[in-house]
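I am opening a fresh notebook page for a structure that is new to me. My plan is to look up its surface, its order of elements, its strand pairing, its core and its charged contacts, in that order.

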Amino acid sequence: MAKQRDQTGTGSGETHRWAIDQLEEGTAAVEEDGDHVYEIPRWLVPASAREGDVLSAALTSGSDGEVTITVRIDRPATDAAKTPKRARSPRSGKDPGGDIAL
């Protein structure tokens, strides 16, 4: 998933998806936008976050050069990531598998 630009039209911000791979005492390993894994300071991650949680990291740049980063747990994305893929399939329970019958 690529980074998303701020939808306000100002172009002053972007949002990234961080999936927590591992939490250590002082660091967190997060997979950003399904692409690369980065180690970041643990203090950038919400205290209640756990391994496997999906975070939304929003960056906003001010006109004065100030940068604000807001990191929150994305519960719907976390729940979807933790749901087995088969259970998310719309055909789940309806398709017995096997050969195709026409």
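**Entry 1, surface and burial.** I began with the outside of the chain, which exposes about 7,500 Å², and I noted that carbon and sulfur atoms supply 50% of that area. I should write down early that I am reading a predicted model. I then looked up burial and found that, of the 102 residues of the chain, 25% count as buried.

**Entry 2, order of elements.** I counted the elements next and found 2 helices and 6 strands in the chain. Reading from the N terminus on, I wrote their order as β-β-β-β-β-β-α-α. I also checked how contacts spread along the sequence: among contacts between residues at least 6 apart, 37% join residues at least 24 apart.

**Entry 3, strand pairing.** Which strands does β2 pair with, and in what sense? I found β2 joined to β5 by 7 bridges, the two strands running antiparallel, and I noted V54 in β5 as the bridge partner of A19. I also found 5 bridges that join β2 to β3, again with the strands running antiparallel, and here the bridge partner of I20 is V30 in β3. The link between β2 and β3 is a hairpin through 3 residues. Going on from β3, I saw that this strand pairs with β4 in the antiparallel sense over 6 bridges, with I40 in β4 as the bridge partner of A28.

**Entry 4, the turn at D33.** I stopped at D33, which lies in the loop between β3 (27-32) and β4, because its phi is near 55°, a positive value in a residue other than glycine. The hairpin of β3 and β4, where D33 takes this phi, has 3 residues between the strands. Is D33 buried or exposed? I looked up its relative accessible area, which is 8%, and D33 is therefore buried.

**Entry 5, the nonpolar core.** Which residues make up the largest nonpolar core? I listed 12 of them: W18, I20, L23, A28, V30, I40, V45, A49, L55, A57, V71 and I73. Sorting them by element, I found that β2 (13-23), β3, β5 and β6 (67-73) give two or more residues to this core, and that the largest share, 3 residues, comes from β2. I then followed one core member, V30, and left aside residues up to four places away in sequence; V30 touches W18, A19, I20, D21, H36, V37, Y38 and I40. I noted again that I20, one of these contacts, is the bridge partner of V30.

**Entry 6, the salt bridge.** Before looking for charged pairs I reminded myself that side chains of opposite charge can pair when their charged atoms come close. The count here comes to 1 salt bridge. D53 forms this salt bridge with K82, and the closest N and O atoms are 3.3 Å apart. What does the pair tie together? D53 lies in the loop between β4 (36-41) and β5 (54-61) and K82 in helix α1 (residues 75-82), so the pair ties together parts that are 29 residues apart in sequence. I looked up the accessibility of each partner as well: D53 is buried, with a relative accessible area of 2%, whereas K82, at 49% relative accessibility, counts as partly exposed.

How values were computed: Residues numbered from 1 in each chain as written. Predicted model: local features only at pLDDT ≥ 70, side-chain atom pairs only at ≥ 80, totals over all residues. Heavy atoms only, no water. Salt bridge = Lys/Arg side-chain N within 4 Å of Asp/Glu carboxyl O. Buried < 20%, exposed > 50% of the residue type's maximum accessible area, 1.4 Å probe, protein only. Core = buried A, V, L, I, M, F, W, Y, C linked by side-chain atoms within 4.5 Å. Contact = heavy atoms within 4.5 Å. Areas by Shrake-Rupley, 256 points an atom, 1.4 Å probe, with all protein chains shown as cover. Pairing = 2+ DSSP bridges.
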